[in-house]
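This report looks at an annotated binding site and at the surroundings of a ligand. The sequence and the structure come first.

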Amino acid sequence: MTHDFDLFVIGGGSAGVRLARIAAGHGAKVAIAEDRFWGGTCVNIGCVPKKLMVMASEYGHAADDAAGFGWSMTKGDHDWPRFLSAKNSEIARLNGAYTGLLERAGATIFNARATMLDAHTIDVGGTPHTAARIAIATGGHPIRPDIPGGELGIISDDAFYLPERPNRVVMIGGGYIGVEFAGIFNGLGSQVDLVYRQPLPLRGFDPDLRYSLAEALDTNGITLHPGQFPLRIEDRGEARRLHLSNGQHIDADCIFFATGRTPNTAGLGLERAGVTLAPSGAIPIDDGFHTNIPHIFALGDVTDRLNLTPVATAEGHALADTLFGNSPRGVSLKNVASAVFSIPPLATIGVTEDEAPPGSRIFLTRFTAMRHALSGRSRKTLMKLIVDGKTDRVIGAHMLGEDAAEIMQGIAIAITAGATKADFDRTIGIHPTAAEEFVTLRTETRLVGTADAKAAE
Ligand SMILES: Cc1cc2nc3c(=O)[nH]c(=O)nc-3n(C[C@H](O)[C@H](O)[C@H](O)COP(=O)(O)OP(=O)(O)OC[C@H]3O[C@@H](n4cnc5c(N)ncnc54)[C@H](O)[C@@H]3O)c2cc1C
């Protein structure tokens with residue numbers, strides 16, 4: 001049976017665009033539909049605008065720090081509308097770049113919502129199209145907690161288009177989006193409260209990172225509310241009042257829910273195609289990105305495995321090469337480095353101390369970075385290596401401090417290549433940098449699973 005397309009991709013985000021572009025480049029007849037904005041979450045309401053906001057906020061800190069280096073400067077106010085307009089121009093440029101890439105590769109583009117009519121037919125704006133293979137790359141969206149007055153809060157999608165910067169912000173959620181936006185608003189001059197259920201932010205990250213981050217956020221002037229969750233929000237006219245589980249309340253101009261995301265699978269017609277879902281709403285897949293229907297694939301955040309842009313693009317590329325490039329391969333989710341663009345930032349790869357096997361060796365250093373010897377800012381950099389006690393392989397690396405993400409990318413190559421602690425030790429450092437500490441850590445701090453480790457908890 002012939003179909004209109006060899007491959008139909010639903011969703012023009014990181015995963016879908018990469019898949020469609022590479023598949024079309026391999027000579028396949030490809031269509032892709034996007035109903036909101038090309039480039040998806042990352043480009044429009046995720047990584048890219050978020051990082052621009054972090055940069056905007058960092059300039060505020062840099063202006064403060066400059067005095068220690070002899071500069072006389074008055075910081076002045078941040079012009080939020082001017083920044084937003086510059087940010088929006090850059091995002092519009094990127095949107096165009098994405099459609100341009102797809103067109104040049106020869107893919108057919110639909111600016112419309114796509115839904116499944118059956119296992120080979122997709123409805124696009126009332127017109128059916130058939131495809132031999134279909135890929136679901138529809139991403140996810142933020143969840144708003146179901147509490148009285150929940151509609152008075154904003155979600156991350158809204159935060160990128162606020163007409164003015166709120167002076168008092170309550171961030172709810174201690175995950176990476178919560179701590180990043182807490183840092184953004186704090187750096188731009190807002191008063192920020194951060195509310196989270198756990199004793200420390202960033203559940204799942206290495207405990208030393210979590211502890212050091214909480215300390216840094218506190219030093220930056222963010223008011224931390226550990227072990228709390230929101231009960232209800234009240235509209236008080238001039239303010240929104242958030243009632244917390246401990247009976248206290250906080251008045252703010254903006255209450256921001258960073259309380260998790262869920263896959264975009266509702267209303268897609270997946271049941272008509274016979275695609276089954278996990279209870280969470282995510283699409284389960286095997287190592288070859290197949291759903292339970294062998295010619296229907298799913299990739300990126302809609303599978304809710306490791307929700308990061310480089311993972312989504314790697315999956316798109318691997319699937320295109322597998323289906324049309326005569327080069328079948330999967331994507332390993334082991335040892336994927338990631339960063340949190342808090343202020344200061346942190347980055348991580350491999351196991352945490354909690355996950356490390358007994359006998360693993362911990363090397364840890366905390367120091368004042370050279371910049372802050374003069375800036376007067378009280379900020380510690382933390383670096384940590386976790387080394388397998390049997391093989392000497394470095395199985396975890398963690399850093400909190402300026403440039404953590406940039407530094408960790410290089411460490412990630414070493415760890416992916418299976419570097420041992422001896423390899424790190426014989427590497428000559430670049431001086432003077434913070435990064436050189438990773439190759440000069442000589443004194444073992446403790447062993448996992450021993451009395452020393454217990455004492456450190
Ligand atoms: C605030 C925030 C910050 C983030 N920061 C980072 C970061 O610093 N680093 C990082 O690696 N990751 C970050 N992420 C995660 C990253 O954005 C996602 O992992 C990535 O975008 C996933 O790509 P995707 O293609 O799976 O989904 P998406 O990028 O979400 O793309 C899915 C696309 O499908 C479209 N779509 C959905 N349904 C349909 C339909 N029926 N028809 C047509 N189109 C449809 C959507 O409009 C969307 O454009 C961040 C996310 C958020 C929310």
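## Y176 and its contacts

In this predicted model, Y176 is in contact with L202 and V340 once its neighbours within four places in sequence are left aside. Y176 belongs to helix α6, and this residue counts as buried because 20 other C-beta atoms lie within 10 Å, where 20 or more are required.

## G174 in the preceding loop

G174 lies in the loop that runs between β8 (168-172) and α6 (176-187). With 28 other C-beta atoms within 10 Å, G174 is also buried, and, residues up to four places away in sequence not being counted, it touches V179, L194, Y196, Q198, P201 and L202. L202 is thus a contact of G174 and of Y176.

## The annotated binding site

Both residues appear in the UniProt record, an unreviewed entry, which lists G173, G174, G175, Y176, I177, G178, V179, E180 and G260 under "binding site". These positions are spread over 88 residues of sequence, yet they cluster in space, with a largest C-alpha distance of 13.8 Å.

## The shell around the ligand

The ligand has 35 residues around it, of which G11, G13, G40, G139 and G300 come nearest. By residue class, the shell divides into 13 nonpolar, 16 polar and six charged residues.

Several elements of secondary structure contribute to this shell, with at least two residues supplied by each of α1 (14-25), α2 (40-45), α3 (47-65), β4 (114-118) and α9 (309-324).

Notes:
Residues numbered from 1 in each chain as written. Predicted model: local features only at pLDDT ≥ 70, side-chain atom pairs only at ≥ 80, totals over all residues. UniProt positions renumbered as here; feature names shortened; annotations may be inferred. Helix = DSSP H or I, 4+ residues; strand = E, 2+ residues; numbered from the N terminus. Buried ≥ 20, exposed ≤ 12 C-beta atoms within 10 Å, placed from the backbone. Contact = placed C-beta atoms within 7 Å. Near = placed C-beta within 6 Å. Nonpolar A, V, L, I, M, F, W, Y, C, P; charged D, E, K, R; others polar.
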